[in-house]
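Reader: Please take a close look at a single residue in this model. I would like its place in the fold, its exposure and its contacts.

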Amino acid sequence: TYSNSSDPRFFKTTDGGTTWESVGLPAGVKAIWHLLVNPLDSSILYTKTDTAIYKSTDSGKTWSIIVGS
């Protein structure tokens, strides 16, 4: 499960909400606006910033630009 907060980060839980950990942001990015989780593989994430769309295949540990700059 993933959730956003009042600051520009997203968090995930793997224990039903008892504990939460921050999902890393793409390098140089201060805020992400949307987070999409692949329904078939929750380790695959997509996020949108002001200038690009990024993809992560490791639950947000690393990101690659797939559209934009």
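Author: What follows starts from the whole chain and then turns to H34 and its strand. The model is predicted.

First, the setting. The protein chain has seven strands and zero helices. From the N terminus, its elements run β-β-β-β-β-β-β. Of its 69 residues, 30% are buried. The accessible surface is about 4500 Å², and carbon and sulfur atoms account for 54% of that. Among contacts between residues at least 6 apart in sequence, 16% join residues at least 24 apart.

Now the sheet. Four strands form an open sheet in the order β4-β5-β6-β7, with antiparallel pairing. β4 and β7 (64–68) are the edge strands, each pairing on one side only. From one strand to the next, the twist averages 20 degrees.

H34 lies in β4, which covers residues 34–37. The partner of β4 is β5 (residues 45–48): the two pair in the antiparallel sense over four bridges. Within this pairing, L35 stands opposite T47 of β5.

Next, exposure. H34 has a relative accessible area of 47%. That value falls between the 20% cut-off for buried and the 50% cut-off for exposed, so H34 counts as partly exposed.

Last, the contacts. Neighbours within four places in sequence are set aside here, and H34 then touches F10, Y46, T47 and K48. F10 is 24 residues from H34 in sequence. In space, the C-alpha atoms of F10 and H34 are 9.4 Å apart.

Note on methods. Residues numbered from 1 in each chain as written. Predicted model: local features only at pLDDT ≥ 70, side-chain atom pairs only at ≥ 80, totals over all residues. Heavy atoms only, no water. Buried < 20%, exposed > 50% of the residue type's maximum accessible area, 1.4 Å probe, protein only. Contact = heavy atoms within 4.5 Å. Pairing = 2+ DSSP bridges. Axes fitted to C-alpha atoms, helices over the stretch in contact; angles between N-to-C directions. Areas by Shrake-Rupley, 256 points an atom, 1.4 Å probe, with all protein chains shown as cover.
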